[in-house]
Amino acid sequence: MNQSHLEERSDYAVVGGGPAIAAVVDRFYTLVLGDDRLRGYFEGIEMVRLKRHQVALVSQVMGGPVGYAGRDLRAAHEGMNISREDFAAVAGHLVTALTEAGVEPAIIDRVTGAILGTEPDIVGAEAAGA
Ligand code: HEM
(Lines give C-alpha, C1' and ligand atoms only; values in the text may rest on other atoms or scores of the structure.)
Protein backbone atom coordinates (compact mmCIF):
# COMPACT_ATOMS: atom_id res chain seq x y z
CA MET A 1 0.00 0.00 0.00
CA ASN A 2 1.94 3.00 -1.17
CA GLN A 3 0.81 6.59 -1.43
CA SER A 4 -0.37 6.34 -5.03
CA HIS A 5 -2.73 3.57 -4.02
CA LEU A 6 -4.73 6.14 -2.07
CA GLU A 7 -5.41 8.03 -5.28
CA GLU A 8 -7.03 4.98 -6.81
CA ARG A 9 -9.90 4.50 -4.39
CA SER A 10 -12.88 2.90 -6.04
CA ASP A 11 -16.10 4.82 -6.50
CA TYR A 12 -17.49 2.40 -3.92
CA ALA A 13 -14.99 3.61 -1.31
CA VAL A 14 -15.39 7.28 -2.26
CA VAL A 15 -19.16 7.30 -1.73
CA GLY A 16 -18.90 5.58 1.65
CA GLY A 17 -19.18 1.87 0.88
CA GLY A 18 -22.00 -0.53 1.60
CA PRO A 19 -23.97 1.56 4.13
CA ALA A 20 -24.02 4.60 1.82
CA ILE A 21 -25.11 2.49 -1.15
CA ALA A 22 -27.81 0.77 0.92
CA ALA A 23 -29.19 4.21 1.86
CA VAL A 24 -29.23 5.28 -1.80
CA VAL A 25 -30.98 2.07 -2.84
CA ASP A 26 -33.59 2.52 -0.08
CA ARG A 27 -34.32 6.04 -1.29
CA PHE A 28 -34.36 4.81 -4.91
CA TYR A 29 -37.13 2.26 -4.19
CA THR A 30 -39.10 4.82 -2.17
CA LEU A 31 -39.09 7.00 -5.30
CA VAL A 32 -39.94 4.06 -7.59
CA LEU A 33 -42.82 2.84 -5.40
CA GLY A 34 -44.08 6.43 -5.09
CA ASP A 35 -44.32 6.68 -8.88
CA ASP A 36 -47.79 5.75 -10.17
CA ARG A 37 -46.33 4.59 -13.49
CA LEU A 38 -44.08 2.06 -11.79
CA ARG A 39 -45.65 0.88 -8.55
CA GLY A 40 -47.73 -1.88 -10.16
CA TYR A 41 -44.66 -3.77 -11.38
CA PHE A 42 -43.52 -4.29 -7.80
CA GLU A 43 -46.75 -5.59 -6.32
CA GLY A 44 -46.11 -8.81 -4.42
CA ILE A 45 -42.34 -8.50 -4.82
CA GLU A 46 -40.23 -9.20 -1.76
CA MET A 47 -38.51 -5.82 -1.45
CA VAL A 48 -35.88 -6.82 1.12
CA ARG A 49 -34.46 -9.37 -1.28
CA LEU A 50 -34.74 -7.01 -4.24
CA LYS A 51 -32.92 -4.25 -2.36
CA ARG A 52 -30.17 -6.65 -1.39
CA HIS A 53 -29.63 -7.59 -5.03
CA GLN A 54 -29.76 -3.97 -6.17
CA VAL A 55 -27.18 -2.96 -3.52
CA ALA A 56 -24.89 -5.74 -4.75
CA LEU A 57 -25.32 -4.67 -8.37
CA VAL A 58 -24.63 -0.98 -7.69
CA SER A 59 -21.66 -1.92 -5.47
CA GLN A 60 -20.22 -4.04 -8.26
CA VAL A 61 -20.70 -1.24 -10.80
CA MET A 62 -18.82 1.08 -8.40
CA GLY A 63 -15.87 -1.28 -8.18
CA GLY A 64 -16.65 -2.50 -4.68
CA PRO A 65 -15.81 -5.86 -3.17
CA VAL A 66 -19.40 -7.09 -3.29
CA GLY A 67 -20.39 -9.00 -6.38
CA TYR A 68 -23.88 -9.29 -7.83
CA ALA A 69 -25.07 -12.88 -7.56
CA GLY A 70 -28.73 -12.45 -8.50
CA ARG A 71 -30.43 -13.61 -11.63
CA ASP A 72 -29.31 -12.51 -15.02
CA LEU A 73 -31.09 -9.17 -15.67
CA ARG A 74 -32.89 -10.43 -18.77
CA ALA A 75 -34.30 -13.41 -16.87
CA ALA A 76 -35.27 -11.21 -13.90
CA HIS A 77 -37.36 -8.83 -16.07
CA GLU A 78 -38.70 -11.34 -18.55
CA GLY A 79 -42.35 -11.04 -19.47
CA MET A 80 -42.87 -7.73 -17.62
CA ASN A 81 -43.27 -5.75 -20.85
CA ILE A 82 -41.26 -2.86 -19.48
CA SER A 83 -41.38 0.12 -21.87
CA ARG A 84 -38.54 2.51 -22.67
CA GLU A 85 -40.41 5.20 -20.70
CA ASP A 86 -40.62 2.93 -17.64
CA PHE A 87 -36.93 2.19 -17.95
CA ALA A 88 -36.05 5.90 -18.24
CA ALA A 89 -38.24 6.68 -15.21
CA VAL A 90 -36.51 4.02 -13.08
CA ALA A 91 -33.05 5.16 -14.20
CA GLY A 92 -34.08 8.76 -13.42
CA HIS A 93 -35.05 7.81 -9.87
CA LEU A 94 -31.62 6.24 -9.37
CA VAL A 95 -29.94 9.45 -10.54
CA THR A 96 -32.16 11.44 -8.15
CA ALA A 97 -31.28 9.18 -5.21
CA LEU A 98 -27.54 9.41 -5.99
CA THR A 99 -27.75 13.20 -6.42
CA GLU A 100 -29.67 13.69 -3.16
CA ALA A 101 -27.00 11.65 -1.36
CA GLY A 102 -24.36 14.10 -2.57
CA VAL A 103 -22.55 11.63 -4.82
CA GLU A 104 -20.20 13.48 -7.13
CA PRO A 105 -21.34 13.97 -10.73
CA ALA A 106 -18.47 11.99 -12.29
CA ILE A 107 -19.45 8.92 -10.25
CA ILE A 108 -23.14 9.39 -11.07
CA ASP A 109 -22.19 9.51 -14.77
CA ARG A 110 -20.28 6.23 -14.51
CA VAL A 111 -23.08 4.47 -12.65
CA THR A 112 -25.69 5.83 -15.05
CA GLY A 113 -23.63 4.70 -18.02
CA ALA A 114 -23.52 1.16 -16.68
CA ILE A 115 -27.24 1.16 -15.84
CA LEU A 116 -28.25 2.53 -19.25
CA GLY A 117 -26.25 -0.30 -20.80
CA THR A 118 -28.71 -2.78 -19.29
CA GLU A 119 -31.64 -1.39 -21.28
CA PRO A 120 -31.56 -4.07 -24.02
CA ASP A 121 -31.91 -6.74 -21.31
CA ILE A 122 -34.75 -5.02 -19.48
CA VAL A 123 -36.95 -3.25 -22.03
CA GLY A 124 -39.25 -5.72 -23.67
CA ALA A 125 -37.32 -8.69 -22.29
CA GLU A 126 -38.93 -11.70 -23.91
CA ALA A 127 -39.01 -15.31 -22.87
CA ALA A 128 -35.63 -17.05 -22.88
CA GLY A 129 -34.15 -17.49 -26.31
CA ALA A 130 -35.84 -14.44 -27.83
C1 HEM B 1 -32.81 0.70 -14.73
C2 HEM B 1 -32.25 -0.48 -14.80
C3 HEM B 1 -32.63 -1.65 -13.93
C4 HEM B 1 -31.76 -2.41 -13.22
C5 HEM B 1 -30.26 -2.26 -13.17
C6 HEM B 1 -32.55 -3.41 -12.52
C7 HEM B 1 -32.03 -4.37 -11.69
C8 HEM B 1 -32.75 -5.36 -11.07
C9 HEM B 1 -32.18 -6.38 -10.23
C10 HEM B 1 -30.70 -6.50 -9.86
C11 HEM B 1 -33.18 -7.18 -9.83
C12 HEM B 1 -33.08 -8.41 -8.92
C13 HEM B 1 -33.03 -9.67 -9.74
C14 HEM B 1 -33.07 -10.88 -8.84
O15 HEM B 1 -33.76 -10.85 -7.83
O16 HEM B 1 -32.41 -11.89 -9.13
C17 HEM B 1 -34.41 -6.65 -10.41
C18 HEM B 1 -35.66 -7.17 -10.22
C19 HEM B 1 -36.83 -6.54 -10.58
N20 HEM B 1 -36.93 -5.43 -11.38
FE21 HEM B 1 -35.43 -4.37 -12.11
N22 HEM B 1 -33.87 -3.25 -12.83
C23 HEM B 1 -33.97 -2.17 -13.68
C24 HEM B 1 -35.12 -1.66 -14.22
C25 HEM B 1 -36.39 -2.08 -13.90
C26 HEM B 1 -37.61 -1.49 -14.41
C27 HEM B 1 -37.64 -0.34 -15.42
C28 HEM B 1 -38.64 -2.15 -13.82
C29 HEM B 1 -40.12 -1.94 -13.95
C30 HEM B 1 -40.66 -0.82 -14.37
C31 HEM B 1 -38.07 -3.18 -12.97
C32 HEM B 1 -38.79 -4.07 -12.21
C33 HEM B 1 -38.27 -5.11 -11.49
C34 HEM B 1 -39.06 -6.06 -10.72
C35 HEM B 1 -40.58 -6.06 -10.58
C36 HEM B 1 -38.16 -6.97 -10.16
C37 HEM B 1 -38.47 -8.17 -9.26
C38 HEM B 1 -38.55 -9.42 -10.07
C39 HEM B 1 -38.78 -10.63 -9.19
O40 HEM B 1 -38.30 -10.67 -8.06
O41 HEM B 1 -39.46 -11.54 -9.66
N42 HEM B 1 -36.71 -3.12 -13.04
N43 HEM B 1 -34.10 -5.54 -11.16
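How far is an oxygen atom of the ligand from an N or O atom in the side chain of histidine 53? The answer is 2.7 Å.

Some ground rules: this is a predicted model, where local features need pLDDT of at least 70, side-chain atom pairs count only at pLDDT 80 or more, and totals for chains, interfaces and linings use all residues. Residues are numbered from 1 along each chain as its sequence is written, and side-chain values use heavy atoms, with hydrogens and water left out.

Histidine 53 has company. Here are the polar contacts (pairs of N or O atoms within 3.5 Å):

| Side chain | Ligand atom | Distance |
|---|---|---|
| Arginine 49 | oxygen | 2.9 Å |
| Histidine 53 | oxygen | 2.7 Å |
| Histidine 77 | nitrogen | 2.8 Å |

Histidine 77 sits in helix α5 (helices are DSSP runs of H or I, at least four residues, numbered from the N terminus). His77 also deals with the metal: its NE2, at 2.0 Å, is the only protein donor of the ligand's iron atom. Donors here are N, O and S atoms within 2.8 Å of the metal (3.2 Å for Na, K and Ca), and sites may look incomplete since water is not among the atoms.

Zooming out, 23 residues surround the ligand, and Tyr41, Arg49, His53, Arg71 and His77 come nearest; a residue counts as near if one of its heavy atoms lies within 4 Å. By class, that shell has 15 nonpolar, five polar and three charged residues, with Asp, Glu, Lys and Arg counted as charged and Gly among the polar ones. Helix α4 gives the most to the shell, with five residues.

How values were computed
A polar contact is a pair of N or O atoms within 3.5 Å; within protein, one must be able to donate a hydrogen and the other to accept it, and residues adjacent in sequence count only if both atoms are side-chain atoms. Helices (H or I, at least four residues) and strands (E, at least two) are DSSP runs, numbered from the N terminus.
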